[in-house]
Amino acid sequence: MRRPADKNLRPPALNVGAKVALAVAAAAMCVAAAIGVLVHRTTAAGQLETARAGMDQKLLSAAKDHAEGRRSDARVDPPDLPGPMARAVPDGLRVTYLQEGGKEPVLWAATRISDGKVLAIRRSYVPEEEALAALDRTLAATGAAVTVLVSLAGLVLGVRMGRRATVAARTAERIADGDLDARVRPRGHDEIARLAASVNIMADALGARLEAERRVTADIAHELRTPVAGMSAAVGLLPPGRASELVAGSVQKLGGLVEDVLEVARLDSQAAVVDTEEREVSAMARRAAAGPDAVEVKVVADAVVATDPRRVERILTNLATNALRHGAAPVEVEVDGPVVRIRDHGPGFPPDLLAVLQTSGPQRFSKGSRTGGTGLGLTIAMGQARLLGARLTFRNRPEGGAETELRLPTA
């Protein structure tokens with residue numbers, strides 16, 4: 001029995017498939033961006049180097065034409081020549097310069113001629129910029145397409161991994177709920193397959209230990225039955241008196257404990273048989289409350305259910321006896337259709353015991369911080385309820401006292 005998680009306290013977590021898909025998508029985006037930047041820079045450097053080499057050849061031709069008096073595209077001391085270039089042109093050497101920041105980029109080539117003047121040519125660098133922009137668009141589209149494809153592949157892989165992990169987790173939960181026959185089918189040779197194999201090994205080991213515990217419990221109870229029966233017969237031979245009453249009471253308690261242990265063993269071994277009949281819930285509640293003292297039955301609404309009346313009465317008797325023993329009178333048994341609530345007026349369940357009851361259910365031979373006894377009553381009640389398909393819940397009432405609710409299955 002588990003407490004439902006409070007969804008308002010924690011945000012929904014991403015599953016394994018989503019995490020793998022996001023990780024693969026992020027990695028693909030980083031790789032695509034790195035390749036795009038590298039190709040952009042390499043292409044830009046190659047374009048500029050090629051353009052400068054071409055301008056240098058044109059400048060050589062223009063200088064030759066100028067020396068021979070022929071017309072050319074070159075200009076002498078052009079007024080728009082960039083200042084850094086005019087100052088950097090040495091005698092007898094050629095310089096190329098890419099001017100940016102204006103309306104459009106311009107590539108210059110210049111050299112000093114014999115009379116000390118600067119001979120320069122220029123052309124627009126827009127074609128190279130447009131080609132580089134087209135390359136960037138192609139790289140972006142290709143990177144986006146590759147990222148989407150790789151992300152889809154990562155999503156498929158992550159979903160498969162998530163499903164395998166979910167199957168292993170659900171199987172472990174079924175094992176924790178008592179289904180020791182649940183197993184995971186390992187697939188592959190990765191860590192999830194090892195996890196599935198480990199869950200199966202854990203289930204086998206847990207089943208073997210529980211089976212050994214059941215056998216020991218049943219054997220001990222069976223072995224104790226004969227001496228307890230002999231003690232019960234011998235008590236009748238004792239002379240009347242206070243001592244014989246104490247011995248008789250102890251023998252009676254011991255006999256009840258032995259029967260409880262045998263009942264737990266039968267429930268654990270799934271050897272119990274359910275005899276289903278149609279009965280009124282109020283009638284079963286009144287029969288169960290007829291034994292314990294100071295138990296009041298209140299019927300809000302009655303219902304007819306198909307169940308095993310003997311086991312239902314055993315559950316209600318154990319719960320009422322537990323409430324009288326560890327709570328305070330009066331104990332109220334309220335019938336509300338197929339739901340029966342048992343309330344007491346004591347301090348309620350101890351916090352440590354209530355936490356165990358709300359998570360894994362009562363544990364045999366366990367005791368709360370203020371309780372005594374062996375704790376088999378709640379264990380038997382939980383086992384009987386599970387056998388009938390009923391549901392037991394435990395809580396403390398705000399006004400004080402413990403409350404146990406038995407919800408019987410209906411058609």
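This briefing covers the helix packing, the two sheets and the aromatic pairing of the structure above. The model is predicted. One open sheet has 5 strands with mixed pairing, and another has 4 strands with antiparallel pairing. Helix H7 packs on the 5-stranded sheet, while helix H1 packs on the sheet of 4 strands.

**The 4-stranded sheet and H1**

- The strand order is S1-S4-S3-S2, and the sheet is open.
- Strands S1 (75-76) and S2 (94-99) are the edge strands, and each pairs on one side only.
- S2 pairs with strand S3 (residues 106-112) in the antiparallel sense, over 6 bridges.
- Within S3, Ala 110 is the bridge partner of Val 95.
- Helix H1 touches S1, S2, S3 and strand S4 (118-124). The direction of H1 makes about 135° with that of S4.

**H1 against H3**

- Helix H1 spans residues 16-67, and helix H3 spans residues 126-176.
- Their axes come within 8 Å and cross at roughly 160°. Angles over 145 degrees count as roughly antiparallel, so H1 is roughly antiparallel to H3.
- The crossing of H1 and H3 is right-handed.
- The residues of this contact divide into 19 nonpolar, 11 polar and 2 charged.

**H6 against H7**

- Helix H6 (residues 281-289) packs with helix H7 (residues 309-326) at an angle of about 50°. The axes are 8 Å apart.
- That angle makes H6 oblique to H7.
- This crossing, of H6 and H7, is right-handed.
- From H6, the contact involves Met 284, Ala 285, Arg 287 and Ala 288. In H7 they meet Pro 309, Val 312, Glu 313, Leu 316 and Thr 317.
- By class, the contact of H6 with H7 has 6 nonpolar, 1 polar and 2 charged residues.

**The 5-stranded sheet**

- The strands run in the order S6-S8-S9-S11-S10.
- Strand S6 (295-301) and strand S10 (391-396) stand at the edges. Each has a single partner strand, so one side of each is left without a neighbour in the sheet.
- From one strand to the next, the twist averages 15°.
- H7 touches S6, strand S8 (331-336), strand S9 (339-343), S10 and S11. The direction of H7 makes about 20° with that of S9.
- Helix H9 (residues 376-388) lies across S10 and S11. H9 runs at about 140° to S10.

**The S10-S11 hairpin**

- S10 and strand S11 (residues 402-407) run antiparallel and are joined by 6 bridges.
- Thr 393 stands opposite Glu 405 in S11.
- The bridge partner of Asn 396 is Ala 402, in S11.
- The hairpin has 5 residues between the strands. Gly 400 there takes a positive phi near 110°.

**The aromatic pair**

- Searching the whole structure finds 1 aromatic pair.
- Phe 349 and Phe 394 form this pair, which is edge-to-face. The rings are 6.0 Å centre to centre, with 85° between the planes.
- Phe 349 sits in the loop between S9 and helix H8 (351-359), and Phe 394 sits in strand S10.
- The two residues are 45 residues apart, and the pair links distant parts of the chain.

Key
Residues are numbered from 1 along each chain as its sequence is written. This is a predicted model: local features need pLDDT of at least 70, side-chain atom pairs count only at pLDDT 80 or more; totals for chains, interfaces and linings use all residues. Side-chain values use heavy atoms; hydrogens and water are left out. Axes are lines fitted to C-alpha atoms, for helices over the stretch in contact, and angles run from 0 to 180 degrees between N-to-C directions. Angles under 35 degrees count as roughly parallel, over 145 as roughly antiparallel, 65 to 115 as roughly perpendicular and the rest as oblique. A crossing is left-handed if the near helix is turned anticlockwise from the far one by less than a right angle, and right-handed if clockwise. Ala, Val, Leu, Ile, Met, Phe, Trp, Tyr, Cys and Pro count as nonpolar, Asp, Glu, Lys and Arg as charged, and the others, Gly among them, as polar. Contact means heavy atoms within 4.5 Å. Two strands pair if DSSP finds at least two bridges between them. Rings of Phe, Tyr and Trp (its six-membered ring) pair if their centres lie within 6.5 Å; planes under 30 degrees apart count as stacked, over 60 as edge-to-face and the rest as tilted.
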